[in-house]
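Good morning, and thank you for the time. I would ask everyone to look at the display while I speak.

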Amino acid sequence: MKVRDTIDRDLTDEPQGVVRVYETEKLAADLREYVLEDPLPREFAKVLEPVIESARPAAGGTEKVGVWVSGFFGTGKSHFAKIAGHLLADTPVGSDTARGLFARLLHPGRADDERLRELDAY
């Protein structure tokens with residue numbers, strides 16, 4: 001058996017060298033293949049919660065919320081930001097949406113995943 005026979009992914013499809021947030025052609029694959037391991041659900045919640053709260057009428061509905069994502073080169077900052085942005089926009093992806101596809105990545109019973117599931121933008 002060869003490695004390519006054990007991986008549920010088209011290995012001829014090259015990974016993106018540069019993540020372009022606005023490109024949605026491969027968004028379905030990005031969401032299906034995203035590995036949502038600790039501490040990512042907690043970090044997504046840290047980014048999404050303030051943005052969601054600022055958009056609520058009681059908060060004054062401000063559009064002036066900024067997010068700074070930092071980390072070392074190659075750690076997935078751009079990919080994280082792309083996913084977060086599409087979750088907030090709930091971008092249509094074929095017959096589904098970004099949130100619908102992302103929901104499949106959440107682990108039932110894991111506290112941070114459940115917290116993320118409860119967000120209104122989610």
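Let me begin with a term: a residue is called buried when its relative accessible area is under 20%, exposed when that area is over 50%, and partly exposed in between. With this usage, buried residues account for 28% of the 122 residues in the protein chain. Please keep in mind that this is a predicted model.

I turn to the overall arrangement. The protein chain contains six helices and two strands. Read from the N terminus on, its elements follow the order α-α-α-α-β-β-α-α. Of the contacts between residues at least 6 apart in sequence, 59% join residues at least 24 apart. The protein chain exposes about 8,200 Å², and carbon and sulfur atoms supply 54% of that area.

Next, helix 3. This helix has 16 residues, and the distance from its first C-alpha to its last is 23 Å, close to the 22 Å expected at 1.5 Å a residue. Where does helix 3 have a kink? The kink, of about 25 degrees, lies at Leu48, shortly before the proline Pro50. Leu48 is also one of the buried residues of helix 3, a set that further includes Pro41, Phe44, Ala45, Val47, Ile52 and Ser54. The partners against which the buried residues of helix 3 pack are helix 4, helix 5 (98-103) and helix 6 (111-118).

Let us follow the chain onward from helix 3. The loop between helix 3 (40-55) and helix 4 (77-89) holds Val65. Is Val65 buried, partly exposed or exposed? Val65 counts as partly exposed, because its relative accessibility is 34%. Together with Val67 and Val69, Val65 makes a nonpolar surface patch of about 190 Å².

After that loop comes helix 4. Its 13 residues should span 18 Å at 1.5 Å a residue, and the end C-alpha atoms are indeed 18 Å apart, so the two values agree. Which residues of helix 4 are buried? They are Phe80, Lys82, Ile83, Ala84, His86 and Leu87. Their cover includes helix 2 (27-33), helix 3 and helix 5. Helix 3 and helix 5 have thus appeared here again, as part of what covers helix 4. Just after helix 4, Asp90 takes a positive phi of about 45 degrees.

To close, I would return to two places on the display: the kink at Leu48 in helix 3, and the nonpolar patch of Val65, Val67 and Val69. Thank you for your attention.

Conventions. Residues numbered from 1 in each chain as written. Predicted model: local features only at pLDDT ≥ 70, side-chain atom pairs only at ≥ 80, totals over all residues. Heavy atoms only, no water. Patch = residues over 30% accessible without salt bridge, like charges linked within 9 Å, V, L, I, M, F, W, Y side chains within 5 Å. Areas by Shrake-Rupley, 256 points an atom, 1.4 Å probe, with all protein chains shown as cover. Salt bridge = Lys/Arg side-chain N within 4 Å of Asp/Glu carboxyl O. Helix = DSSP H or I, 4+ residues; strand = E, 2+ residues; numbered from the N terminus. Buried < 20%, exposed > 50% of the residue type's maximum accessible area, 1.4 Å probe, protein only. Contact = heavy atoms within 4.5 Å. Expected span 1.5 Å × (residues − 1). Bend = angle between axes of the 7 residues up to and from the residue.
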